[in-house]
Amino acid sequence: MSGRMAGKVSFITGAGRGQGRAHAVLQAREGADIIAVDICENIDSTPYPMSNWDDLNETKNLVEKEGRRCVAVKADVRRRDELVSALDEGVAELGQLTTVVANAGILPLAMGDPQPMDFHDAVDIDLIGVMNTVAVAVPHLLQVGPRASIIITGSTAALIPNTTSSTEPRMIMGPGGAGYAWSKKTLVGYTHEMALHLAPSGIRVNIVHPTNCNTHLMNAQGIYQVFRPDLEGAVTKEDFRPASEAYHALPAPWLEPEDVAELVLFLASDGSKHMTGTSTPIDLGCMVKWPAGPGQ
Ligand SMILES: NC(=O)c1ccc[n+]([C@@H]2O[C@H](COP(=O)([O-])OP(=O)(O)OC[C@H]3O[C@@H](n4cnc5c(N)ncnc54)[C@H](O)[C@@H]3O)[C@@H](O)[C@H]2O)c1
């Protein structure tokens, strides 16, 4: 099947690499033009680097190789003014917006000296950044109604019970990890609310929950050490692999970004036109294996 995004314009945050880039490339392959934004700057509380301008430009190149157009803009999802400018520029060049993938996110697992305010850093991007993305896009989407689709990137951290500071034993330690999990959990309720309120206009809103996915966010010491608390010192990807595989029912250690992009493509396309307010794991069976949380 091809052309599932023909005539669509998709606004994708965190598009410099990882899942955001995979969404941009696959949706372009299926006929969409892309407005790609990324912060292109590092974030103090987050130990791994963010994308840079070269990464975002490479996403633009890859979209163009698929024969589609791409407007790539440096913008921070914490800044509504920057998102509005990016959208205005993209829509002026590419035409009516139909699709939003609110994907940008951080997992600030500070090693050694976590700070209480890391919680806020995570929330500012992982929750408020998503709400900003949706808020600036809705006025555009109201013009297309039933052809519009919003997809929010959640996480298995939204679904498993023991991921925030108030639950013991904690799956993800520290304020940054707790802020991440709390944000992702809150996004489920936010998706429900937005789906309900936008439904009369025909606009759909759905959330997806990937498990560990082979991107910079996963390939960081923070995640590796959460999964291998039994090891001293630096943990390697090979150390992480069996623990990550044990997190899943299906025999695989992690997803690739392209796996998530297939699900998001379906939710972006008219093939899912009767679906809104759904909350869908793409989790290699994590939730069927650990319904009460890992180790429970
Ligand atoms: N990788 C995983 O294991 C995993 C699992 C579940 C959910 N997720 C979620 O998937 C989404 C994509 O992450 P990824 O796995 O591709 O990681 P990634 O770190 O490779 O990509 C995240 C992108 O978001 C950008 N970004 C960060 N803060 C931003 C901001 N304030 N404004 C604009 N752009 C910003 C980064 O520069 C980067 O390009 C995130 O929402 C993440 O929480 C990831």
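In the predicted model, the shell around the ligand is composed, by class, of 14 nonpolar, 13 polar and four charged residues. The residues around the ligand number 31, and those that come nearest are Asp 38, Ser 51, Asn 103, Cys 213 and Thr 215. Two helices contribute to this shell: α1, which spans residues 18-29, and α6, which spans residues 174-198, each supply at least two of its residues.

Several polar atoms of the protein lie at short range from polar atoms of the ligand, within the cut-off of 3.5 Å that defines a polar contact. Two of these pairs involve the protein backbone. At Asn 103, a polar backbone atom is 2.7 Å from an oxygen atom of the ligand. At Val 77, a backbone N or O atom lies 3.0 Å from a nitrogen atom of the ligand. A further pair involves a side chain: a polar side-chain atom of Lys 184 is placed 3.0 Å from an oxygen atom of the ligand. On its own, the ligand has 820 Å² of accessible area, of which the protein covers 99%.

The site of the ligand was then considered in terms of the enclosed space within the protein. Two cavities of 30 Å³ or more are found in the structure, and the ligand sits in the largest cavity. The volume of this largest cavity is about 690 Å³. Its lining comprises 46 residues, among which Tyr 48, Gly 105, Ile 106, Tyr 180 and Leu 217 are the closest to the centre of the cavity. By class, the lining of the largest cavity consists of 25 nonpolar, 17 polar and four charged residues. At least two residues of this lining are supplied by each of α1, β2 (33-38), α6 and α7 (221-227). Helices α1 and α6 thus appear both in the shell around the ligand and in the lining of the largest cavity.

The second largest cavity contains about 30 Å³ of space. Pro 47, Tyr 48, Leu 107, Leu 109, Leu 217, Ala 220, Gly 222 and Ile 223 form its lining. Seven of these lining residues are classed as nonpolar and one as polar, with no charged residues. Tyr 48 and Leu 217 line the second largest cavity and are also among the lining residues closest to the centre of the largest cavity.

Key: Residues are numbered from 1 along each chain as its sequence is written. This is a predicted model: local features need pLDDT of at least 70, side-chain atom pairs count only at pLDDT 80 or more; totals for chains, interfaces and linings use all residues. Side-chain values use heavy atoms; hydrogens and water are left out. A residue is near a molecule or strand if one of its heavy atoms lies within 4 Å of it. A polar contact is a pair of N or O atoms within 3.5 Å; within protein, one must be able to donate a hydrogen and the other to accept it, and residues adjacent in sequence count only if both atoms are side-chain atoms. Accessible areas come from the Shrake-Rupley method with a 1.4 Å probe; for residues, only the protein chains shown count as cover. On a 1 Å grid over the protein atoms alone, a cavity is a set of points where a 1.4 Å probe fits but cannot get out, and a pocket is an open set with protein on both sides within 12 Å along at least five of seven lines; lining residues have an atom within 4 Å of a point. A molecule sits in a cavity or pocket if more than half of its atoms lie within 2 Å of its grid points. Helices (H or I, at least four residues) and strands (E, at least two) are DSSP runs, numbered from the N terminus. Ala, Val, Leu, Ile, Met, Phe, Trp, Tyr, Cys and Pro count as nonpolar, Asp, Glu, Lys and Arg as charged, and the others, Gly among them, as polar. Grid points are joined across faces, edges and corners, and a volume is the space filled by probe spheres set on the points.
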